[in-house]
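Please open the model in your viewer, keep the sequence panel beside it, and follow the stops below in order, selecting each residue as it comes up.

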Amino acid sequence: MCCFFAALLFFGPRLGFLVYWLLAPVRVTAAFAQFNLPWLVGILGLIFAPWTVLMFVLIFPLNGFDWIWLGLGVGADIASYIGGYHNRQQVPGYTGP
């Protein structure tokens, strides 16, 4: 698990998810198996909401308090999008919408 946390810290949620998938492929498959198109949900989740997907796979059988952790993943995705928008305003010569 040390490799997982190091990858998550230095390279973000997408590489952290890849490392976790390599360490525990059965858990990742079980987490996405409940959807109709599990491969599509996984790919779209990693593209648009990587923190949420990573949190969902880590806490997969959702019970009680686990919804709070999933909400923190959603909040981290929203914060990363807002931070990207704010940093875009700092670029010299950016006119904005």
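Begin by selecting L44, which you will find in helix α4, in what is a predicted model rather than an experimental one. Is L44 buried, partly exposed or exposed? Its relative accessibility is 40%, and because buried means under 20% and exposed means over 50%, L44 counts as partly exposed.

Next, extend the selection from L44 to its companions on the surface, namely L37, W39, L40, I43, I47, F48 and Y81, which together with L44 make a nonpolar surface patch of about 810 Å². If you colour helix α4, which spans residues 38-48, you will see the element that gives the most to this patch, with six residues.

Now move to helix α3, residues 25-32, and select F32. With a relative accessibility of 8%, F32 counts as buried, since the cut-off for that class is under 20%. Which residues is F32 in contact with, once its neighbours within four places in sequence are left aside? Display F17, P38, V41, G42, V53, F56 and V57, and you will have the set that F32 touches on those terms. For one of these, V57, it is worth drawing a C-alpha to C-alpha distance to F32: the two residues are 25 apart in sequence, while the separation in space is 8.0 Å.

The third stop is D66, which belongs to helix α6, residues 66-89. D66 is buried and yet has no salt bridge. Where is the nearest side chain of opposite charge? Select R27, and you will find that it lies 8.6 Å away from D66, whereas a salt bridge would need the charged atoms within 4 Å. When neighbours within four places in sequence are set aside, the contacts of D66 are with I59 and P61, so both can be added to the view.

Finally, clear the selection and look at the whole chain in cartoon form. The protein has six helices and zero strands, and along the sequence the pattern reads α-α-α-α-α-α. Taken along the principal axes, the C-alpha atoms fill a box of roughly 50 × 30 × 25 Å. Of the 97 residues, 28% count as buried, and if you switch to a surface display, about 6700 Å² is exposed, with carbon and sulfur atoms supplying 75% of it. Among contacts with a separation of 6 or more, residues 24 or more positions apart account for 48%.

Notes. Residues are numbered from 1 along each chain as its sequence is written. This is a predicted model: local features need pLDDT of at least 70, side-chain atom pairs count only at pLDDT 80 or more; totals for chains, interfaces and linings use all residues. Side-chain values use heavy atoms; hydrogens and water are left out. Patches are made of residues with over 30% relative accessible area and no salt bridge: like charges are joined within 9 Å, nonpolar side chains (Val, Leu, Ile, Met, Phe, Trp, Tyr) within 5 Å. Accessible areas come from the Shrake-Rupley method with a 1.4 Å probe; for residues, only the protein chains shown count as cover. Helices (H or I, at least four residues) and strands (E, at least two) are DSSP runs, numbered from the N terminus. Buried means under 20% relative accessible area, exposed over 50%, partly exposed in between (1.4 Å probe, protein chains only). Lys and Arg count as positive and Asp and Glu as negative; His and the chain ends are not counted. Contact means heavy atoms within 4.5 Å.
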